[in-house]
Amino acid sequence: MAYVRKEIFVKAPIEACFDAARNIEIHSKTVWRHTRERAVGGVTAGLIGDGETVTFEARHFGIRQQLQAKVTEYNRPYMFADTMLKGAFKHMTHTHLFKETDGGTIMTDILDFSSPFGIVGRLFDRLVLERYMTSFITYRQVKLKELLEQSREVVEVRLMNEHAQDEPVFGKGFLWASLWRRK
């Protein structure tokens with residue numbers, strides 16, 4: 001059994017971080033360069049919720065693979081977990097934790113996984129996969145942080161402009177506008 005835990009601080013509200021982490025398009029966008037990952041089944045766009053499934057297709061180690069996961073735990077906006085239903089792992093659970101702090105949110109990703117094939121799989125986990133999955137999660141966290149913090153700056157600048165109150169903050173369908181509106 002392998003275990004990866006990574007934390008990152010994001011200058012954004014907890015609700016924005018929570019929703020970004022469960023947004024299927026944002027997920028694909030934040031890992032595309034790394035794995036060419038895209039949703040091909042279940043929830044393929046928008047926000048995934050409690051009890052819903054998604055199937056991602058991605059290229060890992062040069063091999064195209066599919067992984068189907070289900071959201072098995074959900075406590076908005078503090079945590080959600082998705083568990084693999086079908087895929088290359090023997091088992092995998094990805095827990096997403098969110099903690100509000102001064103000036104932002106600490107996002108924590110915890111991966112608990114193991115490869116099939118007994119002792120050979122455990123050796124592969126230890127020698128290769130832990131490092132690979134740590135790199136994957138770190139890359140995604142950094143891209144998500146960049147997206148959230150860039151979005152915040154864009155929205156804050158726009159909100160300072162009193163004459164633009166009725167114009168959309170982002171392109172069609174972007175979810176951050178309502179999260180950043182001041183009342």
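This is a short tour of the structure above, stop by stop, with a selection to make at each one.

**Getting oriented**

Keep in mind that you are looking at a predicted model. Colour the protein chain by secondary structure to bring up its four helices and seven strands. Following the sequence, these elements come in the order β-α-α-β-β-β-β-β-β-α-α. Of the 183 residues in the chain, 45% are buried.

**Stop 1: the nonpolar core**

Select Val10, Cys17, Ile24, Phe98, Met107, Leu144 and Leu148, and show their side chains. These belong to the largest nonpolar core, a set of 23 residues, and they are the ones that touch the most other members. Two or more residues of this core come from each of strand 1 (2-10), helix 1 (14-21), helix 2, strand 3 and helix 3. Which of these elements gives the most to the core? Highlight helix 1, which contributes six residues.

**Stop 2: helix 2 and its two ends**

Next, select 24-35, which is helix 2. Start just ahead of it at Asn23, which caps the N-terminal end: one of its side-chain oxygens sits 3.0 Å from the backbone nitrogen of Glu25. Then colour the buried residues of this helix, namely Ile24, Ile26, His27, Ser28, Thr30, Val31 and Thr35. Ile24 will be familiar from the core at the previous stop. Step past the helix to Arg36, where phi is positive, near 60 degrees.

**Stop 3: the hairpins**

Now bring up strand 5 (79-86) and strand 6 (91-101). They run antiparallel, with five bridges between them, and a hairpin of four residues makes the connection. To find one of the paired positions, select Phe80 and look across to its bridge partner in strand 6, His96.

Add strand 7 (104-114) to the selection. How many bridges join strand 6 to strand 7? There are eleven, and this pair is antiparallel too. At the turn, Thr101 faces Gly104 of strand 7. This hairpin has two residues between its strands, and Gly103 adopts a positive phi near 85 degrees there.

**Stop 4: the largest pocket**

Switch on a surface and look for the largest pocket, which holds about 770 Å³ of space. To centre your view, pick His60, Leu67, Phe89, Met92 and Met133, the closest to the pocket centre among its 38 lining residues. At least two lining residues come from each of helix 2, strand 3 (53-60), strand 4 (63-75), strand 5, strand 6 and helix 3 (118-160). Helix 3 supplies the largest share, with nine residues. Colour the lining by residue type and you will find 25 nonpolar, nine polar and four charged residues.

**Stop 5: a cavity**

One last selection: Ala21, His96, Leu97, Phe98, Met107, Thr108, Asp109, Arg140 and Leu144. Together they line the largest cavity, whose volume is about 40 Å³. The structure has one cavity of 30 Å³ or more. Its lining takes at least two residues from each of strand 6, strand 7 and helix 3, and splits into five nonpolar, two polar and two charged residues.

Several of these names have come up before on the tour. His96 is the bridge partner of Phe80, while Phe98, Met107 and Leu144 are among the core residues that touch the most other members.

Key:
Residues numbered from 1 in each chain as written. Predicted model: local features only at pLDDT ≥ 70, side-chain atom pairs only at ≥ 80, totals over all residues. Heavy atoms only, no water. 1 Å grid on protein atoms, 1.4 Å probe; cavity = no way out; pocket = protein on both sides within 12 Å on 5 of 7 lines; lining within 4 Å. Points joined across faces, edges and corners; volume = space filled by probe spheres on them. Nonpolar A, V, L, I, M, F, W, Y, C, P; charged D, E, K, R; others polar. Buried < 20%, exposed > 50% of the residue type's maximum accessible area, 1.4 Å probe, protein only. Polar contact = N/O pair within 3.5 Å; in protein donor to acceptor, adjacent residues only side chain to side chain. Pairing = 2+ DSSP bridges. Core = buried A, V, L, I, M, F, W, Y, C linked by side-chain atoms within 4.5 Å.
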